[in-house]
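Please open the structure in your viewer and keep the sequence panel visible beside it. The tour below proposes a series of selections and describes what each one shows.

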Amino acid sequence: AFARARHRRRVGLLTDGFASARVARALLSGLKNAARIPFGVEEIRFAPMPGSQIEIANDTEVEWPRAEQTNSTLIVGRKAVVKLFRRVASGIHPEAEMGRILTERGFTGIAPLLGEIVRTGPNDTPSALAIAQAFIANQGDGAAWTLDQLARIVDELSVAPAEEGVNFESYEAFS
C-alpha cells in the first residue's frame, strides 16, 4: 500500500494495481479477446499473437517474482508471464518486436510471445505498456547464474595464494 485514502466515509488503501491478481487476469483476458479500450483521445489495444492460446481461469494463481529494476513481472498459473514496462516511450518496443519476429519464425530458444498491450494516440504511434509471454519453467535466471559464478571465482581466488600471470581466459568457470 502506498497510502491510506478516504472518500467520504469509506477509508481504504492506495495500492499498485499490478499487485492485484484481478489486474493480471484482466490483462490476459484483454489479450484473449483482442480488446480495445478508449483512453481519452488515445486507445489501449490488446494485440494477441495469431494462434496463441490464452486460457486463464478466474481462480488461477498469480505469483510476483522478486523485485526488478526496469520492469514489473508476474506469473499467471505457470502458463503466462506478464511484463509491465515502467518506462513508456513512443514507437515500437524492441523486446516486443524481437519476441514477435522470433515467435512468428518458430524460434524455440525464447519464451514465445503471447501478445502485446500498447497505447496508441491519434497519430496511431504505439507505446508498449506490457507484453505477455509463455511461461517456461527453469532453474533460475541468467543474472542470478552469472552472479553466482562470479561469487565462486571471488571465493576461490580469495583463499588461493596469489600467483603471477594468472590467466583468467583459461579459468575453469569461464569454459
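Two strands are said to pair if DSSP finds at least two bridges between them. This term will be needed for the hairpins on this tour. Please note also that the model is a predicted one.

**The whole chain**

Begin with the entire protein in a cartoon view. It has 3 helices and 9 strands, and along the sequence they follow the pattern β-β-α-β-β-β-β-β-α-β-β-α. Of the 175 residues in the protein, 27% are buried. Among the contacts with a separation of 6 or more, 48% are between residues 24 or more positions apart. If you display the accessible surface, its area comes to about 12,500 Å², and carbon and sulfur atoms account for 54% of it.

**Strands S8 and S9**

Next, select strand S8 (113–120) and strand S9 (126–134). The two strands run antiparallel and are joined by 7 bridges. One of the residues to pick out is Leu113, whose bridge partner in S9 is Gln133. S8 and S9 form a hairpin with 5 residues between them. In the turn, select Asp124, which has a positive phi of about 70°.

Is S9 enclosed or open? Because 8 of its 9 residues are buried, S9 is largely enclosed by the rest of the structure.

**Strands S7 and S6**

Keep S9 on display and add strand S7 (80–85). S7 and S9 run antiparallel, with 5 bridges joining them. Lys83 has Ile131 in S9 as its bridge partner, and Leu84 stands opposite Ala130 in S9. In a regular strand, the side chains alternate between the two faces of the sheet. S7 is mostly covered, with 5 of its 6 residues buried.

Now add strand S6 (71–76). S6 and S7 also run antiparallel, and 6 bridges join them. Val76 stands opposite Ala80 in S7. These two strands form a hairpin with 3 residues between them, where Gly77 takes a positive phi near 60°.

**The nonpolar cores**

Select Leu28, Leu31, Leu74, Val82 and Ile117 and show their side chains. Within the largest nonpolar core, which has 19 residues, these have the most contacts. The elements that give two or more residues to this core include helix H1 (21–32) and strand S4 (42–48), as well as S6, S7, S8 and S9. Apart from this core lies another, of 7 residues, among them Met49, Phe85, Val118 and Ala128.

Which residues are in contact with Ile117, leaving aside its neighbours within four places in sequence? They are Leu27, Leu31, Ile44, Arg45, Phe46, Ser127, Ala128, Leu129 and Ala130.

**A buried arginine**

Finally, select Arg25, which lies in helix H1. Where is the nearest side chain of opposite charge to Arg25? It belongs to Asp59, 6.6 Å away. A salt bridge requires a side-chain nitrogen of Lys or Arg within 4 Å of a carboxyl oxygen of Asp or Glu. Arg25 is buried yet has no salt bridge. Not counting residues up to four places away in sequence, Arg25 touches Ile56, Ala57, Asn58, Asp59, Thr60 and Val62.

Terms used:
Residues numbered from 1 in each chain as written. Predicted model: local features only at pLDDT ≥ 70, side-chain atom pairs only at ≥ 80, totals over all residues. Heavy atoms only, no water. Core = buried A, V, L, I, M, F, W, Y, C linked by side-chain atoms within 4.5 Å. Buried < 20%, exposed > 50% of the residue type's maximum accessible area, 1.4 Å probe, protein only. Helix = DSSP H or I, 4+ residues; strand = E, 2+ residues; numbered from the N terminus. Contact = heavy atoms within 4.5 Å. Lys, Arg positive; Asp, Glu negative; His and termini not counted. Areas by Shrake-Rupley, 256 points an atom, 1.4 Å probe, with all protein chains shown as cover.
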